[in-house]
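Grab a coffee and open the viewer. Here are a few short exercises, each with a worked solution.

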Amino acid sequence: MSQQNYIPDDAPFTVEQRQWLNNLVSNFINDLTSGRGLDGQSAGPAVPVTILVGSQTGNSEALGKKLSKAMAKMNFNPELNDLGSYEMEKLPSEQNVLIITSTYGDGEPPDNAADFHEWILSDAALV
């Protein structure tokens, strides 16, 4: 069975880095969809995960929804949030955070993530 490539060929990685990342993502997805925990053991108590999504065209949003759905079948308790409406003051109290975002143009953040991007790079984010 051939491995699916998750990292695009034009991503800024060497062939070896891209292969390593593809293996990492593939193993993670296999563990999520198999009903096993990441250590191969049965699921334990639900682990809260806050998923923050920044998307201009909807691709990152679709990925966030797909990942949230897969994680909900495991021992994760995912909470999917749009970066444009997420209350940034909550970030320091989050237990586990996954940020999925795209870029557009010359690497600018998507519109719904612009305020978050500016905030996370500022002194205000330092706690």
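The exercises below go from the overall fold to the cores and then to a single alanine. Keep in mind that this is a predicted model.

**Exercise 1.** Work out which pattern of helices and strands the protein follows along the sequence.

*Solution.* Start by counting: there are three helices and three strands. Now walk along the sequence, and you get α-β-α-β-β-α. Next, look at the contacts between residues at least 6 apart in sequence: 65% of them join residues at least 24 apart.

**Exercise 2.** Find out how much of the protein is buried and how much area it exposes.

*Solution.* Of the 127 residues, 30% are buried. Then turn to the outside, where about 8700 Å² is exposed. Carbon and sulfur atoms supply 52% of that area.

**Exercise 3.** List the residues of the largest nonpolar core, then pick out what L91 touches.

*Solution.* The largest nonpolar core has nine residues: L52, L83, Y86, M88, L91, A113, F116, W119 and A125. Zoom in on L91 and skip its neighbours within four places in sequence; what's left in contact is L52, Y86, V97, F116, W119 and I120. There's also a second, separate core of eight residues, with V49, I51, M74 and F76 among them.

**Exercise 4.** Decide whether A124 is buried or exposed.

*Solution.* First locate A124: it sits in the segment after α3 (114-120). Its relative accessibility is 55%, and the cut-off for exposed is over 50%, so A124 counts as exposed. Finally, check the spacing to E89: the two are 35 residues apart in sequence, with 9.7 Å from C-alpha to C-alpha.

Terms used. Residues numbered from 1 in each chain as written. Predicted model: local features only at pLDDT ≥ 70, side-chain atom pairs only at ≥ 80, totals over all residues. Heavy atoms only, no water. Core = buried A, V, L, I, M, F, W, Y, C linked by side-chain atoms within 4.5 Å. Buried < 20%, exposed > 50% of the residue type's maximum accessible area, 1.4 Å probe, protein only. Contact = heavy atoms within 4.5 Å. Helix = DSSP H or I, 4+ residues; strand = E, 2+ residues; numbered from the N terminus. Areas by Shrake-Rupley, 256 points an atom, 1.4 Å probe, with all protein chains shown as cover.
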